[in-house]
Amino acid sequence: MPHDVFVSYSSEDKPTADAVCATLEGRGVRCWIAPRDVLPGMDWGAAIIDAIAASRAMVLVYSASANDSQQIKREVERAVNRGIAVIPFRIQDVPMSKTLEYFISTPHWLDALTLPLQQHIDRLAETTRMILEQEGVALATPPTPSRAAPVQPIAPPVTSSKEIARGIGRWMTGGSTAPTLAQVFVPQSDMVANVGLIAATAIGVAILAQIHLGPIWLQPLAILLAGAVLGSKNAALAALAYIVLGIVGLPVFGGGLSAWSEPEFRAPYAQLALGYLVGLIAGAFAVGWLAERRAWDRRYPTAALLGLIGVLALYLPGLIWVEIVALFMRRTEAATDLLPSLPMLVITVIVMAIGLPRAWVWVQSRQNPRPEPEPEPAV
């Protein structure tokens, strides 16, 4: 089938690649995309080579998965070798591998790091059409919409609790995944490095949990920073590993306590502060999720909100649990001294609001260093 553009993508990015292909073809740009256009019985590798050779441009859906894909590196190499323009469409903000950077060091970069994704795909389609037209490619005529009778708008339904729940669900599952600070340097595909990072974080939290300035302990700050740096899953695993260290009897909690220490009421710490221990995992996961899905760790206002949400996720389960324990133990006063102090929570939010965006500024300066000025010619 004749085509203008070869769409290169990782299998993990297939929904985005399909949307790109549909939008391009809706604008009259004929696309070749696997596996749709691989003929039955045809060798896969031969089909890829023939399709690239017959293309006038390549659209690369660039992500962390694409960056690690050997297949995509071969496809880009073939396109560059034949003088075919490569248009990277970046859906994740990750540094490019040296192999890909060698082939496309000065490309037409198109970023799709913010929502909604469709507006970036539309801009990609316009840019691709412009590049093809400049090369003299005769594009197909875009399909015209049918002139059917206009549909009468339907009045929106009355908002119900079910609709609100669905809206929250769409917000929770929506958003494009952005790399966290750790993922900029350690790719998600490197399992050994990620396991080491989780273990190192758990040990680091255990050490920082012993440091305090008066009533201010560093354990909550360490957990929430771990969430922003590692991301939701890795941070939750690091928090879980930290708690497991306390369960096996190591003195990793604040003040050198383990899960079985009896700081008050002659009851184990794990019994009195179980809600807070669960809150450590919840806080790390919540902060990591918002950093991944909403990139709230990159600007001062959203980073402050990120810290506040993390504090609430960390503190509320513990507060509720100590009140329940006091009720069942028939105590008039709950063991709230096992929970973080208010000054600690305020300092946590402030440090996250200032530190996280500045950390991203530093990372971006390392990724895109300013070019040194050229020396003036000697007179």
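**Exercise 1.** In which loop does P95 lie, and is P95 buried, exposed or partly exposed?

*Solution.* The model examined here is predicted.
Step 1. P95 is found in the loop that joins β4 (85-90) to α5 (98-103).
Step 2. The relative accessible area of P95 is 31%. A residue counts as buried under 20% and as exposed over 50%. P95 is therefore partly exposed, since 31% falls in between.
Step 3. A further position can be related to P95: in sequence, P95 and P187 are 92 residues apart, while in space their C-alpha atoms are 9.8 Å apart.

**Exercise 2.** Describe how helices α2 and α4 pack, and classify the residues at their contact.

*Solution.* Two packed helices are described by the angle between their axes and by the distance between those axes.
Step 1. For α2 (residues 44-53) and α4 (residues 70-81), the angle is about 35° and the axes are 10 Å apart.
Step 2. The handedness of this crossing of α2 and α4 is right-handed.
Step 3. On the α2 side, the contact is made by I48, I49 and I52; on the α4 side, by Q71, E75, R78 and A79.
Step 4. Sorted by character, the residues of this contact comprise four nonpolar, one polar and two charged.

**Exercise 3.** Compare the span of helix α9 with its expected value, and determine where its buried residues lie.

*Solution.*
Step 1. Helix α9 (residues 191-208) has 18 residues, so at 1.5 Å a residue it should span 26 Å. Its end C-alpha atoms are 25 Å apart, which agrees with the expectation.
Step 2. The buried residues of α9 are N194, I198, T201, A202, V205 and A206.
Step 3. These residues lie on the same side of α9, because they cover an arc of only 135° around the axis. An α-helix has 3.6 residues a turn, so residues three or four places apart point the same way.
Step 4. V192 and I207, on the other side of α9, are exposed.
Step 5. The partners of the buried residues of α9 are α10 (219-230) and α11 (232-247).

**Exercise 4.** How many residues of α10 are buried, and what phi does G231 take just after the helix?

*Solution.*
Step 1. From first to last C-alpha, the 12 residues of α10 reach 16 Å, close to the expected 16 Å.
Step 2. Of these 12 residues, 10 are buried, and α10 is thus described as mostly covered. Among the buried residues are P220, L221, I223, L224 and L230.
Step 3. Just after α10, G231 takes a positive phi of about 100°.

Technical notes: Residues numbered from 1 in each chain as written. Predicted model: local features only at pLDDT ≥ 70, side-chain atom pairs only at ≥ 80, totals over all residues. Heavy atoms only, no water. Axes fitted to C-alpha atoms, helices over the stretch in contact; angles between N-to-C directions. Helix = DSSP H or I, 4+ residues; strand = E, 2+ residues; numbered from the N terminus. Left-handed = near helix turned anticlockwise from the far one by under 90°. Contact = heavy atoms within 4.5 Å. Nonpolar A, V, L, I, M, F, W, Y, C, P; charged D, E, K, R; others polar. Expected span 1.5 Å × (residues − 1). Buried < 20%, exposed > 50% of the residue type's maximum accessible area, 1.4 Å probe, protein only. Arc of directions from axis to C-beta.
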